[in-house]
Amino acid sequence: MVEPIRTKTGVPGLDEILYGGIPQNNLVVISGDPGSGKTGLVIEYLYNGVIKYNEPGLYISLEESAEDIIGFAELFGWDIRALINKKLLNIITIELYDFDKLKNTIEDEAKRLGAKRLVIDPGVVFRLYFDRELDARKRILSLGRMLKRIGCTAIITNEISLEKSSSLFGLEEYVADGVILLYHTKLEDRFIRSIGILKMRGTKISEKLHPIRITSTGVKVLAKQELFEDVK
Ligand SMILES: Nc1ncnc2c1ncn2[C@@H]1O[C@H](COP(=O)(O)OP(=O)(O)OP(=O)(O)O)[C@@H](O)[C@H]1O
Ligand SMILES: [Mg+2]
């Protein structure tokens, strides 16, 4: 396999289990149960993009206001507002009532910003918008193609339920180039936060589940540890 150009997430441990990062221009779905760290991880991805790799990023919010997201990032010490002021990052909240309009807005804004990284959170609402699965599949594929054309490595978040995680995969996961699972794994009387890479086109991946930690500095993947290894 030809070694791909990588988009490093900069999230500690995550690039390691991806053998160097997300292959450039991939469309990745992060699926996780409630509170599993999806939003934290995608903000960290965009923040690192600007701070560490000099890559502008665009956050498409389909639910929360830009102020909410800025406030959430502040809890981890990430000054998103300063990056927005410098036009290196932008957050736009879009109401999803017209998919083609959404796609055009994303394209225009990403080009204006010169975005190399894009996040749609929570992307799960796409599914609610379409009556027919075939329709949804086609539209999501066309969104993915547009993002590749303009040179963005994109992450879309998706919500899954804790118990039924394996049966709830939506079409986004099948259409996407990569799927990352974030969830709480139950062990006796506690939950352990974990991450697993289900697929990532164009690269080798760790096939293990790894523990993650969320602390005041953000999300961290314990790449050297396997799940339950540290549990006494
Ligand atoms: N400093 C911190 N230390 C430990 N845990 C934290 C810290 N800050 C936030 N958290 C936890 O991280 C989680 C936040 O996760 P996040 O909002 O990214 O999850 P999510 O998967 O996007 O959730 P949702 O399903 O609600 O969209 C919360 O459960 C919160 O308690
Ligand atoms: Mg969230």
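**Ligand 1 shell**

I began with the shell around ligand 1 and asked which element gives the most to it. The answer is α2, with 3 residues. A reminder to myself: this is a predicted model.

Next I listed what surrounds the ligand. I found 13 residues around ligand 1, and those that come nearest are Gly35, Lys38, Thr39, Gly40 and Ile214. Two or more residues of the shell come from each of α2 (38-53) and β10 (210-215).

Then I looked at the chemistry of this shell. How many of its residues are nonpolar, polar and charged? I noted 3 nonpolar, 8 polar and 2 charged.

**The sheet**

I moved on to the strands. I see an open sheet of 9 strands with mixed pairing, and I wrote down its order as β5-β4-β6-β7-β3-β8-β9-β10-β11. Which strands sit at the edges? They are β5 (89-93) and β11 (218-221), each of which pairs on one side only. I also checked the twist, which averages 25 degrees from one strand to the next.

**One strand pair**

I picked β8 (residues 178-187) and β9 (residues 190-200) for a nearer look; they pair in the antiparallel sense over 10 bridges. As a handy example, I looked up histidine 184 and found that its bridge partner in β9 is arginine 193.

**Back to α2**

Finally I asked where α2 packs. This helix packs on the sheet, and the strands I found it touching are β3 (27-32), β4 (57-61), β5, β6 (117-121), β7 (153-159), β8, β10 and β11. The direction of α2 makes about 160 degrees with that of β6. I like how this ties my entries together: α2 gives residues to the shell around ligand 1 and also packs on the sheet.

Technical notes. Residues are numbered from 1 along each chain as its sequence is written. Chains are lettered from A and ligands numbered from 1 in the order in which they are written. This is a predicted model: local features need pLDDT of at least 70, side-chain atom pairs count only at pLDDT 80 or more; totals for chains, interfaces and linings use all residues. A residue is near a molecule or strand if its C-beta atom, placed from the backbone, lies within 6 Å of it. Helices (H or I, at least four residues) and strands (E, at least two) are DSSP runs, numbered from the N terminus. Ala, Val, Leu, Ile, Met, Phe, Trp, Tyr, Cys and Pro count as nonpolar, Asp, Glu, Lys and Arg as charged, and the others, Gly among them, as polar. Two strands pair if DSSP finds at least two bridges between them. Axes are lines fitted to C-alpha atoms, for helices over the stretch in contact, and angles run from 0 to 180 degrees between N-to-C directions. Two residues are in contact if their C-beta atoms, placed from the backbone, lie within 7 Å.
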